[in-house]
Amino acid sequence: MKLRFLLLFVSVFPAVLGAATVALVGEGERGKTVALQVLAAGDSIDFVDREELAKLLAEQKIILDGLTANEVRSLARPVKADLFVWIGEANYLLFEGANGFRLVDEPLPEGEAPAAILQRIRGALATLAMPQKAVFLSVAGIRDGGIPDRFWPESRRAADEFLRHLSRMAGV
């Protein structure tokens with residue numbers, strides 16, 4: 001029986017020179033509100049100009065819900081963003097800008113969402129500032145015909161749980 005397998009890619013990022021820049025986009029009413037609160041509270045973080053980012057989004061006609069690594073790279077490079085943060089109605093995503101690695105994919109925290117998101121942004125910036133101590137894993141599942149259809153829901157849940165577990169590990 002063929003098995004579904006995972007590919008792990010290890011990448012060490014180049015040193016970040018100067019202050020890191022964060023591109024922040026809010027989508028939907030709640031997402032935009034939380035994004036504005038993050039901007040207001042994150043005075044020590046260098047954010048990409050919102051108008052410049054809006055212009056780029058309009059030019060590239062990218063649908064923000066369901067961003068891919070390629071789309072993040074195409075958005076982050078022109079605005080020189082080290083991190084790309086998307087905040088939606090129910091969840092938020094944080095990507096490494098150069099490679100498009102998804103660093104965070106979590107539900108919006110209840111209560112103090114801006115503070116929790118800022119904490120994750122600062123943690124990611126600290127990791128990028130010390131690349132010699134960071135190891136990033138990108139996991140991609142490859143489907144083959146060997147897994148019976150009845151096992152696919154469970155295998156998807158197991159893969160998602162594996163990714164969540166990896167993302168919570170120190171140093172990964």
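The chain exposes about 10300 Å² of surface, and carbon and sulfur atoms supply 56% of that area. The model described here is a predicted one. Of the 172 residues in the chain, 35% are buried. The fold contains five helices and seven strands, and a reader who walks along the sequence meets them in the pattern β-β-α-β-α-α-β-β-β-α-β-α. Among contacts with a separation of 6 or more, 64% link residues that lie 24 or more positions apart.

A good place to begin is the sheet. Five strands form an open sheet in the order E3-E2-E4-E5-E6, and the pairing is mixed. Its edge strands are E3 (46-47) and E6, each of which pairs on one side only. The mixed character can be followed strand by strand. E2 and E4 pair in the parallel sense over five bridges, with Leu24 standing opposite Val85 in E4. E4 and E5, in contrast, run antiparallel and are joined by five bridges. In this pair, Ile87 has Tyr92 of E5 as its bridge partner, and a hairpin of three residues leads from E4 to E5.

The next pair along is also antiparallel: E5 (residues 91-96) and E6 (residues 102-107) are held by five bridges. Here Leu93 stands opposite Asp105 in E6, while Asn91 has Pro107 of E6 as its bridge partner. These two strands form a hairpin with five residues between them, and Gly100 in the turn has a positive phi of about 80°. How much of E5 is covered by the rest of the structure? Five of its six residues are buried, so E5 is largely enclosed.

The sheet strands also take part in the interior. In soluble globular proteins, nonpolar side chains tend to be buried together. In this model, the largest nonpolar core has 22 residues, and those with the most contacts inside it are Val22, Val38, Leu83, Ile87, Ile117 and Ile121. Two or more residues each come from strand E2 (21-26), helix H1 (28-41), strand E4 (83-87), E5 and helix H4 (113-129). H4 gives the most to this core, with seven residues. Leu83 offers a handy view of how these parts meet: beyond its neighbours up to four places away in sequence, Leu83 touches residues including Val22, Leu94, Phe95, Leu103, Ile121 and Leu125. There is also a second, separate core of 16 residues, which includes Val25, Val72, Leu75 and Phe84.

Helix H5 lends itself to a simple check of geometry. At 1.5 Å a residue, the 17 residues of H5 (residues 152-168) should span 24 Å, and the end C-alpha atoms are 25 Å apart, which agrees. Which residues of H5 are buried? They are Trp152, Ser155, Ala159 and Leu166. These residues cover an arc of only 60° around the axis, which puts them on the same side of H5. On the other side of H5, Pro153 and Arg168 are exposed.

Some individual residues help to fill in the picture. Gln119 is found in helix H4, the helix that gives the most to the 22-residue core. Gln119 itself, however, counts as exposed because its relative accessibility is 60%, and the cut-off for exposed is over 50%. Although Gln119 and Gly42 are 77 residues apart along the chain, their C-alpha atoms are separated by 9.7 Å.

A similar meeting of distant parts of the sequence involves helix H1, where Lys32 is found. Lys32 and Glu89 are 57 residues apart in sequence and 8.5 Å apart in space, C-alpha to C-alpha. Leaving aside neighbours within four places in sequence, Lys32 is in contact with Gly26 and Glu27.

Finally, one loop residue deserves a look. Most residues other than glycine have a negative phi. Lys80 is not a glycine, yet its phi is positive, at about 55°. Lys80 is found in the loop between helix H3 (69-76) and E4. Is Lys80 buried or exposed? At 65% relative accessibility, Lys80 counts as exposed.

Conventions. Residues are numbered from 1 along each chain as its sequence is written. This is a predicted model: local features need pLDDT of at least 70, side-chain atom pairs count only at pLDDT 80 or more; totals for chains, interfaces and linings use all residues. Side-chain values use heavy atoms; hydrogens and water are left out. Two strands pair if DSSP finds at least two bridges between them. Helices (H or I, at least four residues) and strands (E, at least two) are DSSP runs, numbered from the N terminus. A nonpolar core is a set of buried Ala, Val, Leu, Ile, Met, Phe, Trp, Tyr and Cys residues joined through side-chain atoms within 4.5 Å. Buried means under 20% relative accessible area, exposed over 50%, partly exposed in between (1.4 Å probe, protein chains only). Contact means heavy atoms within 4.5 Å. The expected span of a helix is 1.5 Å times one less than its number of residues. The arc is that of the directions from the helix axis to the C-beta atoms. Accessible areas come from the Shrake-Rupley method with a 1.4 Å probe; for residues, only the protein chains shown count as cover.
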